[in-house]
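User: Please take one part of this predicted model and look at it closely. I would like a connected account rather than a list.

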Amino acid sequence: MGDSFALDKSAKIFVAGHRGLVGSAVVRKLRHLGFTNLLLRSHSDLDLTRQSDVDAFFAAEKPQFVILAAAKVGGIHANNTYPADFIAINLQIQINVIDSAYRHGAQKLLFLGSSCIYPKFAPQPIPEDALLTGPLEPTNEWYAVAKISGIKMCQAYRVQYNWDVISAMPTNLYGPNDNFHPQNSHVLPALMRRFHEAKVSGAKEVVVWGTGSPLREFLHVDDLADAVLFLLEKYSGFGHVNVGSGKEVTIKELAELVKEVVGFDGVLVWDNSKPDGTPRKLMDSSKLAGLGWVPKVSLRDGLLHTYKWYLENVKQ
């Protein structure tokens with residue numbers, strides 16, 4: 001191992017994808033801790049799918065640490081409509097960044113994946129060793145296969161080159177810079193937007209799909225950023241690490257909590273004719289807990305913080 005990550009506040013750190021939900025949280029955390037030498041490039045400055053551009057960037061800047069949070073992401077509709085984009089763009093980003101980081105002397109790289117890498121019928125809570133034990137969820141297998149390839153690429157570079165490269169797989173995330181698009185956002189920001197719009201318009205009710213019974217796990221993105229820096233400092237293992245809150249909430253409980261945080265006084269109606277989706281999805285994060293990390297942001301506090309950001313930043 002080289003120098004301790006946390007000690008050198010002037011170390012060059014490249015955060016790929018710094019404008020997204022995850023990358024922006026990592027940058028906030030690094031700045032809060034006093035890191036002064038962050039390498040940040042927007043897509044217009046550096047297209048990570050262009051191998052020669054990425055290689056030139058690493059040759060010129062030679063970052064010491066790399067956090068790979070850049071990815072093409074989207075919901076079920078986007079994955080079904082643009083499968084070639086989801087597999088090709090994510091593979092290109094991963095191959096270009098991981099390989100260039102190694103060849104230009106980066107000390108350590110952390111690759112971020114997603115909980116969708118696991119089989120559709122994985123045991124619950126999902127342990128790390130459930131990876132590649134069964135078929136994937138067909139609706140996002142293009143993205144999942146790319147992310148699995150990223151994990152395996154990191155492991156291969158560790159085996160062949162003895163390079164310190166690690167992977168972290170977060171659960172469902174939420175927080176500032178989330179996607180609040182009316183059609184293609186995830187359940188939590190979608191609920192927040194719908195309750196807010198209902199409150200503003202004076203609507204009497206909000207209809208939500210399903211029965212509200214499925215169990216889900218949510219992690220505030222600031223907690224993930226904290227875990228990312230913890231792993232960079234403390235973890236140098238071969239296997240990927242799950243990053244979850246370890247707390248389950250029903251969609252019904254979530255909807256009622258979002259309704260309360262937003263201040264919508266109308267009625268919440270469940271449309272039982274619509275599908276519920278997977279009954280339970282929870283990550284087993286005991287490996288990370290065993291290393292000494294625990295989440296700090298409660299769901300209520302995280303929702304209050306996120307709604308404040310929404311009011312200040314999302315065009316009404």
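Analyst: In this predicted model, the second largest pocket has a lining of 15 residues, and those that lie nearest its centre are F218, S245, K247, S298 and L299. The volume of this pocket is about 220 Å³. Sorted by class, its lining comprises eight nonpolar residues, three polar ones and four charged ones. Two strands, β8 (215–220) and β10 (248–250), each contribute at least two residues to that lining, and β8, with three residues, provides the largest share.

Turning from the pocket to the strands, β5 (residues 164–170) is mostly covered, since seven of its seven residues are buried. D164, I166, A168 and P170 point one way from β5, while V165, S167 and M169 point the other way, and all of these are buried. In a regular strand, side chains alternate between the two faces of the sheet.

Strand β5 has pairing partners that include β4 (residues 108–112), with which it pairs in the parallel sense over five bridges; within this pairing, L112 stands opposite A168 of β5. Between these two strands the chain passes from β4 through helix α5 (residues 141–161) to β5, a β-α-β crossover that is right-handed. Strand β5 also pairs with β9 (residues 241–243), again in the parallel sense, over three bridges, and here the bridge partner of A168 is V241 in β9. A168 of β5 thus stands opposite L112 and has V241 of β9 as a bridge partner, and A168 is itself buried.

Notes
Residues numbered from 1 in each chain as written. Predicted model: local features only at pLDDT ≥ 70, side-chain atom pairs only at ≥ 80, totals over all residues. Heavy atoms only, no water. 1 Å grid on protein atoms, 1.4 Å probe; cavity = no way out; pocket = protein on both sides within 12 Å on 5 of 7 lines; lining within 4 Å. Points joined across faces, edges and corners; volume = space filled by probe spheres on them. Helix = DSSP H or I, 4+ residues; strand = E, 2+ residues; numbered from the N terminus. Nonpolar A, V, L, I, M, F, W, Y, C, P; charged D, E, K, R; others polar. Buried < 20%, exposed > 50% of the residue type's maximum accessible area, 1.4 Å probe, protein only. Pairing = 2+ DSSP bridges. Right-handed = clockwise from strand over helix to strand, strands pointing away.
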